[in-house]
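Here's a quick walk through one part of this fold. Have the sequence and the model open side by side as you read.

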Amino acid sequence: METRISEIADGIYRLSNSVESAASPDGFTFNQFLILGDEPLMFHTGLRKMFASNRDAIASIVPPERLRWIAFGHFEADECGSMNEWLAAAPRATPAHGEIGCRVSLTDFADRAPRVLSDGEKIDLGGGKLVRFFDTPHTPHGWDAALVFEESTRTLLCGDLFTQFGDKSLSLDGDIVGPAIVAEDILKYSALSPGMGTTIRKLSVLRPHALALMHGPSFRGDGAKALVELGDEYDRRTRFAIDQLDNRDMGRR
Ligand SMILES: [Fe+2]
Ligand SMILES: [Fe+2]
């Protein structure tokens with residue numbers, strides 16, 4: 001497997017692995033992000049089977065043992081499956097995640113004690129890089145779901161939000177929502193909770209200049225507009241799903 005590297009914002013690197021997909025001829029990507037600084041942070045560890053390729057890719061940017069923080073969107077194999085391999089490779093690295101994820105999973109799973117982050121908490125990485133952590137429970141899925149925003153570049157590391165097919169590294173065409181809706185129709189990966197639309201729209205106040213997708217390209221443009229559109233779309237989907245269930249159940253009575 002070859003991990004492709006691109007710098008999506010100043011000092012933020014996308015490490016991308018492309019795979020074939022049974023659901024789309026365009027294929028699918030698994031992306032990890034490295035934020036440099038005095039204390040480099042990696043967002044997503046990648047699958048265990050991708051560890052060697054990701055490690056070699058990071059080594060071309062920074063010695064892996066310099067990693068200080070390992071964060072991720074939620075507890076799932078692609079987001080954090082190779083965490084313990086990274087903790088072994090980087091003796092100073094500490095996993096960092098929200099309270100739910102730490103209590104439910106990391107205190108048992110991680111080989112080193114995690115740092116528990118509260119909603120909105122900041123980590124100063126040094127070198128001008130500052131990340132903020134935001135809880136997004138059940139959005140798009142996972143009780144422990146969370147996102148990270150890097151303030152100096154206004155980059156939102158979106159985790160599974162906006163998931164889409166294809167192996168483009170960068171999207172500048174302004175349409176990051178349409179392909180995400182297509183992928184949602186096919187994969188149905190989101191939990192569709194009543195708070196989902198609001199949770200996504202609230203992120204728009206960050207006014208991100210870049211959206212870094214775990215599955216899909218990185219987007220440069222009006223991130224706030226895209227987040228509002230995506231939140232509205234999930235509200236529509238949730239209402240539609242409730243109406244369908246109501247109609248079905250009423251029909252049985
Ligand atoms: Fe996920
Ligand atoms: Fe994912």
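Before we get to the hairpin, one bit of vocabulary: two strands pair if DSSP finds at least two bridges between them. Keep in mind too that this is a predicted model.

Let's start with β3 (28-35). Eight of its eight residues are buried, so to speak of the strand as mostly covered is fair by the definition used here. Both faces are covered: F28, F30, Q32 and L34 sit on one side, with T29, N31, F33 and I35 on the other.

Which strands does β3 pair with? Here are two of them, β2 and β4:

| Pair | Sense | Bridges | A bridge pair |
|---|---|---|---|
| β2 and β3 | antiparallel | eight bridges | I12 with I35 |
| β3 and β4 | antiparallel | three bridges | I35 with L41 |

I35 turns up in both rows, bridging to I12 and to L41. β3 and β4 (residues 41-43) make a hairpin with five residues between them, and G37 in that turn has a positive phi of about 150 degrees.

Now for helix α1 (residues 51-59), whose buried residues are N54, A57 and I58. Why are they on the same side of α1? Because they cover an arc of only 95 degrees around the axis. What covers them includes β1 (4-9), β2 (12-19) and β3.

Last, the core. The largest nonpolar core has 59 residues, and I70, C158, L211 and A212 have the most contacts inside it. Beyond its neighbours within four places in sequence, I70 is in contact with M42, T45, M83, W86, A93, P95 and A96.

Note on methods:
Residues numbered from 1 in each chain as written. Chains lettered and ligands numbered in written order. Predicted model: local features only at pLDDT ≥ 70, side-chain atom pairs only at ≥ 80, totals over all residues. Buried ≥ 20, exposed ≤ 12 C-beta atoms within 10 Å, placed from the backbone. Helix = DSSP H or I, 4+ residues; strand = E, 2+ residues; numbered from the N terminus. Arc of directions from axis to C-beta. Contact = placed C-beta atoms within 7 Å. Core = buried A, V, L, I, M, F, W, Y, C linked by C-beta atoms within 7 Å.
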